Amino acid sequence: MEFYVQNGKKRPVRLCEETRRFAYESLNKKYGLDTLKTHAVVLDDIDNLEEMSWLERHDIAIQRIAKEAPIRICDNEKISGAATFGLAIKHTIPATYKGKDIFSSISHLTVDFETVLKEGINGIAAKAEKAYEKYKNTEKEAFSKSCLVCIDAFKTWHNRYLTELSKFSEYRANYENLKRVPFEPATDFYEAVQSIWFTFAFIRLCGNWPGIGRLDYLLGDYLKKDLSEGKLTIDEAREILAHFFIKGCEWINGQFIGSGDAQHYQNIVLAGIDENGNEVTNEVTYLVLDIIEELGISDFPTTVRVNRNTDEKFLRRVSDVVRYGGGVLAFYNEEVIIEALVKEGYGEREARKFANDGCWEVQMPGKTFFMYSPFDSLQVLQHKTLCGYGNSVDFADFESLYGKYKTDIYEQVEAIVNKVNNNFEKDEADHDVWKWKTRTPCTVVSLFEEGCIEKGLSYLEGGPVYNIHSPHIGGVADTANSLYAIKKLVFEEKKVSFTELMKILSDNWDGEETLRQYVLNRYVYYGNDNDEVDAIATRLLSDFSDICASFNGKSGYRFPAGVSTFGRQLEWAPKRLASPHGRKISEVLAANCSPTPNTDKEGATAIIRSYCKVDHTKLASGAALDIRLLPSSVEGEDGLNALVSLVRGLVVLGGFFIQPDVVDASLLKAAQENPENYQTLSVRVSGWNARFVTLNKEWQDMVIAQNEH
């Protein structure tokens with residue numbers, strides 16, 4: 001097999017030269033820079049726009065976007081459609097009035113591509129027409145009318161592409177393949193890929209960032225049928241699917257430096273079981289792995305669902321691709337997740353169909369409104385429970401300290417719930433009935449979420465089947481380590497009194513370096529398979545999940561617990577005080593459900609063991625564990641076996657989700673110093689990947705620190 005080198009890694013060549021050239025151009029900003037040339041549609045010429053309702057303004061914007069968006073046909077593309085307004089890259093509907101953005105947009109969802117494939121947009125339009133007749137002359141008429149307006153806009157955009165493609169004989173196959181879909185049901189693999197892409201492209205042309213979901217589940221049967229009938233070869237199918245991935249790089253532009261330019265939430269889920277308990281893994285699953293391996297595209301963070309029965313050959317294939325680094329592949333333990341979802345109230349068949357929200361939090365694709373509210377558990381401990389280390393705080397024993405902290409966590413969650421419930425108002429006729437308040441228009445997304453059309457309610461106004469707002473606790477390792485250090489230092493070893501420790505912490509450990517080094521080096525913290533400290537982390541997350549569950553049924557939302565930071569440890573650091581486990585003021589500490597930096601001394605297996613002691617069936621929203629692996633640790637057959645064993649361990653021990661990344665800090669430092677040589681180097685940041693050179697210096701330094709062993 002032929003190979004080529006990308007970022008120091010030899011990658012196999014399976015795709016044709018034209019496809020690889022297309023990938024190179026897209027990855028190297030050609031189409032992203034082209035997108036920036038057209039910012040948005042301008043609505044300054046619309047008479048009386050300010051006097052219109054927000055929904056009327058929204059519908060005018062969507063119609064104009066469909067009529068005016070530049071039509072892009074890339075050289076040698078096999079599938080068509082492109083989101084060609086630069087403002088959409090900024091998570092905004094690309095329409096301005098008097099120089100200002102008008103509407104925010106939607107993310108953290110995976111839309112209903114299954115219905116698009118099986119019924120087509122015309123099937124959705126029929127439901128919308130029926131709903132419009134039902135809700136005419138009611139308060140729901142405006143939204144129902146908006147659904148029809150947005151479907152007509154989609155048709156306009158579709159017809160513009162057909163007209164343009166018809167002008168070029170070399171794109172005759174594209175034209176023929178796009179003629180029916182996505183408005184009619186897909187009949188073969190090529191149409192199915194085009195149908196998903198064109199729908200996805202329209203949704204994000206309108207500023208939204210949807211996830212893709214279970215791509216092999218959606219496409220597998222189409223490919224199997226085509227292969228059995230001799231309509232396609234596996235190599236031809238790989239070329240078609242590769243163009244889907246390459247088109248997904250169309251927003252790469254190198255202009256938006258910050259937390260990375262690849263975080264558009266277009267996540268993919270592979271493998272696992274379907275609603276009937278049958279394994280999904282199929283030819284499409286393996287093609288996705290081939291494409292990721294060859295092209296190194298990081299713009300589709302992909303999570304593989306694994307269980308106790310996952311085929312060894314498949315798991316080794318996935319693990320082999322993980323070794324390329326970039327953090328593109330992660331793992332769900334679907335057995336624990338399905339159990340967690342059933343506990344949360346989903347039926348088992350429904351729970352088996354889970355995907356994610358375009359990041360890594362779990363949801364039912366095409367049926368779920370999802371949002372989360374993060375908070376820093378360490379700040380709650382420091383500023384509230386311990387009163388900023390003021391003189392008045394004291395506790396007689398560890399249990400009284402923990403009891404007060406648990407109360408403070410309850411109040412933190414309660415504050416989140418109360419804020420979320422501002423989205424409701426009491427019905428004037430019946431004060432026991434909650435009504436959803438009018439929110440920002442989001443009809444395009446609502447078309448692809450089950451329940452919205454039928455209820456006459458948008459995605460933001462209670463339309464989807466499930467409405468989820470998840471409190472997310474961060475800094476778990478830092479908090480567990482802090483409580484553990486207090487427990488040992490004050491209540492068991494009695495090296496200092498509680499009051500004395502508060503004074504030491506308020507002084508940022510000044511003059512107490514010997515004691516600080518004792519705390520840093522004597523105690524074995526979370527991430528080292530130490531039952532004593534792990535029990536505190538487990539207890540904290542169990543109590544937190546119970547607190548979240550106590551608010552279910554008190555409004556139109558459910559409140560499943562989750563654990564995350566998503567890089568917020570950077571913004572939290574300036575508000576953090578010195579920590580009882582030896583850290584000084586404003587240090588950047590733990591990410592997600594991972595150990596505090598430089599406290600994990602026993603390797604990846606010990607980290608997983610600590611993490612898996614938590615009862616993850618109580619965390620239905622998810623809890624992410626970041627695993628950083630040196631390239632040398634996964635080399636050769638022994639390295640591959642070790643990586644497979646880590647994933648098997650996640651399943652057997654009862655973990656939820658791990659994000660492994662194989663990277664050497666020295667490579668990242670080289671990229672920081674010479675970014676022009678590492679334009680496509682990808683790293684896992686949190687629920688997304690980022691090309692390292694598009695992170696700002698602060699983010700780059702954090703990622704380097706996380707990868708220093």
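## Strand β17 and the nonpolar core

In strand β17, Gly622, Ala624, Asp626 and Arg628 point one way, while Ala623, Leu625, Ile627 and Leu629 point the other way, and all of them are buried. That fits a general pattern: in a regular strand, side chains alternate between the two faces of the sheet. Keep in mind that this is a predicted model.

So how enclosed is β17? Eight of the eight residues in this strand (residues 622–629) are buried, so β17 is largely enclosed by the rest of the structure.

Now for the pairing partners of β17. Here's a quick look at both:

| Strand paired with β17 | Residues | Bridges | Direction |
|---|---|---|---|
| β16 | residues 562–563 | two bridges | parallel |
| β18 | residues 657–662 | six bridges | parallel |

On the β16 side, Gly562 has Gly622 of β17 as its bridge partner. Over on the β18 side, Leu629 stands opposite Val662. There's a helix to add to the picture too: β17, helix α24 (residues 636–653) and β18 together make a right-handed β-α-β unit.

Next, the nonpolar core. The largest one in the model has 243 residues, and Phe189, Leu241 and Phe244 are those with the most contacts inside it. Helix α7 (residues 189–205) gives the most to this core, contributing 12 residues.

What does Phe189 touch, once its neighbours within four places in sequence are set aside? Phe189 is in contact with Leu219, Tyr222, Leu223, Asp226, Leu232, Ala237, Ile240, Leu241 and Val284. One of these partners, Leu241, is also named among the residues with the most contacts inside the core.

Conventions: Residues numbered from 1 in each chain as written. Predicted model: local features only at pLDDT ≥ 70, side-chain atom pairs only at ≥ 80, totals over all residues. Heavy atoms only, no water. Core = buried A, V, L, I, M, F, W, Y, C linked by side-chain atoms within 4.5 Å. Buried < 20%, exposed > 50% of the residue type's maximum accessible area, 1.4 Å probe, protein only. Helix = DSSP H or I, 4+ residues; strand = E, 2+ residues; numbered from the N terminus. Contact = heavy atoms within 4.5 Å. Pairing = 2+ DSSP bridges. Right-handed = clockwise from strand over helix to strand, strands pointing away.
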